[in-house]
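Q: I am new to this structure and would like a close look at one part of it. Please take the sheet and then show how the rest of the chain is arranged.

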Amino acid sequence: MHPEDVVEQLKIRARFLQKQIERLEPPAVKRARTLPELRSLQEDALRENVQRRHCLAILARELGLNGWSHLTELWTSSEASEWGKLFYPAACGGHWNMWSSSLEEARAIRAEHGGFLLPYRHQMLIVERAFIEDLGLDSEHPDWARIGRNWLEPGDLAARHRLLKAMLCARITS
């Protein structure tokens, strides 16, 4: 899949998820129950009330974001202030990382130890190449050099956006 097709692919997946929920398929119903507004609905009410926007929100949350509007904000804006848990999927939980609650401290750690500076909610983490590879990205891609291996203070916003698209593309196809 081409990175430009990520949003369209997510819309297609949301359509399938909505149909699965309407058929009350247990895995889909379980996913629907992660949304507070659907959590307490009886099955018949869930079947009748689930909407595409709910399914889009579920998919965005599964990527580590706050919802669909959060995903579209990241997709369309070069300036994002909140990245949610996008950079810490379950596949990356076994890595050794350095965490910081201060951007200044994170910069200093990265300057001393190298690596890549990434966001996690309102914290920062410094990670190694293997972590980047588990995100579905090439740690040697030239865009990492263009952003200075610092996601929060990129030297080139267009390069960061290309990396974001590539990561989302990798995550939804895996």
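In what order do the three strands of the open sheet lie, and is the pairing parallel or antiparallel?

A: The model is a predicted one. In the open sheet the strand order is E1-E3-E2, and the pairing is antiparallel. Strand E1 (98–100) and E2 are the edge strands, each of them pairing on one side only. Averaged over neighbouring strands and with direction ignored, the turn of one strand against the next is 25°.

The pair E2 and E3 can be followed in detail. These two strands run antiparallel and are joined by five bridges. Within this pairing, Leu117 stands opposite Ile126 of E3. A helix also belongs to the picture: H7, residues 103–113, packs on the sheet and touches E1, E2 and E3. The direction of H7 makes about 155° with that of E1.

Next come the nonpolar cores. The largest has 49 residues, and the members that touch the most others are Ile21, Leu86, Leu118, Trp144 and Trp151. Among the elements that give two or more residues to this core are strand E2 (116–120) and strand E3 (123–127), together with helices including H1 (6–22), H5 (52–62) and H10 (157–173). H10 supplies the largest share, seven residues. A second core, separate from this one, has five residues, including Ile109, Leu117, Met124 and Ile126. Leu117 and Ile126 are thus the residues already met as opposite each other in the sheet.

Ile21 can serve as an example from the largest core. Leaving aside residues up to four places away in sequence, Ile21 touches Ala28, Val29, Ala32, Leu46, Val50, Cys55 and Ile58.

Away from the sheet, H1 and H10 form a helix pair. Their axes come within 10 Å and cross at roughly 30°. Because angles under 35 degrees count as roughly parallel, H1 is roughly parallel to H10. The crossing of H1 past H10 is left-handed. On the H1 side the residues that meet H10 are Val6, Gln9, Leu10 and Arg13. Their partners in H10 are Lys165, Leu168, Cys169, Ile172 and Thr173.

Finally, the whole chain. Its secondary structure comes to ten helices and three strands, and from the N terminus on the elements run α-α-α-α-α-α-β-α-β-β-α-α-α. The C-alpha atoms fill a box of roughly 55 × 30 × 25 Å along the principal axes. Of the 174 residues, 43% count as buried. Among contacts with a separation of 6 or more, 52% are between residues 24 or more positions apart.

Terms used
Residues are numbered from 1 along each chain as its sequence is written. This is a predicted model: local features need pLDDT of at least 70, side-chain atom pairs count only at pLDDT 80 or more; totals for chains, interfaces and linings use all residues. Side-chain values use heavy atoms; hydrogens and water are left out. A nonpolar core is a set of buried Ala, Val, Leu, Ile, Met, Phe, Trp, Tyr and Cys residues joined through side-chain atoms within 4.5 Å. Buried means under 20% relative accessible area, exposed over 50%, partly exposed in between (1.4 Å probe, protein chains only). Helices (H or I, at least four residues) and strands (E, at least two) are DSSP runs, numbered from the N terminus. Contact means heavy atoms within 4.5 Å. Two strands pair if DSSP finds at least two bridges between them. Axes are lines fitted to C-alpha atoms, for helices over the stretch in contact, and angles run from 0 to 180 degrees between N-to-C directions. Angles under 35 degrees count as roughly parallel, over 145 as roughly antiparallel, 65 to 115 as roughly perpendicular and the rest as oblique. A crossing is left-handed if the near helix is turned anticlockwise from the far one by less than a right angle, and right-handed if clockwise.
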